[in-house]
Amino acid sequence: MSIGKDSSGSVIETDVLILGSGAAGCGAAFAAKEKGARVLLLDKGKIESSGNLGGGNDHFCAVLNSGPETDTDEAFVNFMSKQLSGLPRGLIEKGWAKTIPPVLDILEAVGVELIRNEDGSYHRTVGFGQPGNWWIHIRNGHNIKRLIAKKMRSLGIDVMDHIMVTKLLKTGGHVSGCIGYHVLDGGFYVFRAKKVITALGRVATRGWTNSTGNPYNIWFSPYNTGSHFVLAYDAGVKLFNLDTEQKATLLPKGFGAPGMNGINSMGGRELNALGERFMGKYDPMWENGIRRNQISGTYQEMVEGKGPPFYMDMTHLDKDEVQHLQYVLMPGDKATYLDYCKQKGIDFAKYPLEVEISELSFSGQLATLENGETNVKGLFNACPFPGFSGAMCAGYYAGAQAAEASSRTESLAAIDEKEVLKEKERIFSPAKREDGISYKAFEGTVRQVMNYYMGYRRSHKGMEVALEKLQFLEGYLNKIKAPNEHELMKANESAELIKICQLATRSSMERKESGRTFYSRTDYPEPNPDLAKPLVIWQENGVPKTAWGM
């Protein structure tokens, strides 16, 4: 990268600019570096712990074409095409299925311990309703991000930690860079690049809470507040599936941690308060079915008065399986898991584990072409697929595609200085206010609206009220004060949060059916076969527009 100065602050130039250093961003950086591009990676956190992978992971989804017809690229693409409606089939094939082998090579080269059987094959189990044993177990999952970061830095890939990206820059209809600032010292930066990759996380949080009421004790990273969608939307990218991909899981009661895939895939049985195993009513694969069915089924049991509490029972499992599950897989997703077990007296071999339905999280898609580029030229999408595997593989593919495209781009585009100065004023305005409200008060009110009107049971009228209240709350953004750098970052995150809440609410209002989402419509309780297609949302001159189908 090269560094310069202009009247607004530091100007940094590179070939491929990657926004976000989670699994997707790191995958993109590896591939772009391999292609010989100058690469710069930005993140408001630190690469050793940034993104959802920063907390660890216990499984990696992989087809290996090892013989069974369920373990082929074709079987994988067929299944994922249904789950990822609206994305090109060729993107799923090239950007995920065929990218698995080189990504596995990278992971093992950096020291990630993918568990193998005695015959040398990977130890894999089935999960989430998938037709084959696609989930490779990981032993040292809590260290994955540190291992990847160490390799990234050793390769000489340019990394700037603690940079919050607040706006994409466009020149002549093409994305040409971004604006960001250092969340610890307040330094302001303009970044120019031949190609830009957004890897800011396809799952965003802090819009809802679980039973703890703590927006930081949650399933996914609490620092993903929607910038992957909001920045792209503001730049003219079309978004879709913001209605159907609002996600949830089961959590150990009072402890925000992933890892339920391990419990389900190894034979855990969910019980309601009456001691009944009930998931067979909601999915033919019982607990190993698709995640949406487990959440909607558990919620329905609660509506019928059969819980809480709910439990996952592993007491029937083999001693070695229980040991592997509690002491190898579960801590891989969160290093403090065993501390939680010790404090609560949890022993999978002796007692069922009490669980609860998590908070909802935002997710969705950016309109993405088969080559990984969005509908706005110059901006590539590294986050079209879910999970650790989907993120790193998609990132790797986007990095290679962006690097090749940058090699065909002769020069950097000019930047509008007035636009830069306007954004600089917006970013730092909370720090100049002596009076006002805190980001905590603002975000807490947003969550109250979402929990109450946009929960697991919704109606058009309720969502209409939610949107009115969110629009009212948006007017309070210019009243948030930030007495220090930390609260300035939170104030800017609040601007992302209110917008992703509005986009998700608008999208949900349009889907007049139930059965395709983690939530249900009380006014439209049945599926509508005419709505088996993506809902697209975008803006024209600042006005939101929606349409059915890509």
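Begin by selecting R202 in this predicted model. R202 is buried, with a relative accessible area of 5%, and its place is the loop between strand 10 (188-198) and strand 11 (203-204). Display the side chain of E245 as well: a polar contact of 2.4 Å joins it to the side chain of R202.

Next, select R206, in the loop between strand 11 and helix 6. R206 is buried as well, its relative accessible area being 1%. Two salt bridges of this residue merit inspection.

- With E443, the side chains meet at 2.8 Å, N to O. The pair links distant parts of the chain, E443 being in helix 13 (residues 439-453), 237 residues apart from R206. E443 is buried, with a relative accessible area of 1%.
- With E493, the closest N and O atoms are 2.7 Å apart. Here E493 belongs to helix 15 (residues 485-510), and the two positions lie 287 residues apart in sequence numbering. The relative accessibility of E493 is 0%, and the residue counts as buried.

Extend the selection to K44, R447 and K490; together with R206, E443 and E493 they are linked in a network of salt bridges. A search of the whole structure finds 30 salt bridges.

Another of these pairs is R511 with D243, whose side chains meet at 2.5 Å, N to O. R511 lies in the loop between helix 15 and strand 21 (520-521), and D243 in the loop between strand 12 (239-240) and strand 13 (250-252), so the salt bridge ties together parts that are 268 residues apart in sequence. Both residues, R511 and D243, are buried.

Now move to N214, in the loop between strand 11 and helix 6 (227-234). Is N214 buried or partly exposed? At 33% relative accessibility, N214 counts as partly exposed. A polar atom of its side chain lies 2.9 Å from the backbone nitrogen of Y216. Select G256 too: its C-alpha atom is separated by 9.5 Å from that of N214, with the two residues 42 apart along the chain.

Finally, select strands 4, 5 and 6. These three strands form an open sheet in the order 4-6-5, with antiparallel pairing. Strand 4 (59-61) and strand 5 (124-125) stand at the edges with a single partner strand each, so one side of each has no neighbour in the sheet. Strand 4 is joined to strand 6 (residues 135-137) by three bridges; C61 has W135 as its bridge partner in strand 6. Add helix 4 (residues 100-110), which packs on the sheet and touches strand 4 and strand 6. The direction of helix 4 makes about 155° with that of strand 4.

Terms used. Residues numbered from 1 in each chain as written. Predicted model: local features only at pLDDT ≥ 70, side-chain atom pairs only at ≥ 80, totals over all residues. Heavy atoms only, no water. Helix = DSSP H or I, 4+ residues; strand = E, 2+ residues; numbered from the N terminus. Buried < 20%, exposed > 50% of the residue type's maximum accessible area, 1.4 Å probe, protein only. Polar contact = N/O pair within 3.5 Å; in protein donor to acceptor, adjacent residues only side chain to side chain. Pairing = 2+ DSSP bridges. Contact = heavy atoms within 4.5 Å. Axes fitted to C-alpha atoms, helices over the stretch in contact; angles between N-to-C directions. Salt bridge = Lys/Arg side-chain N within 4 Å of Asp/Glu carboxyl O.
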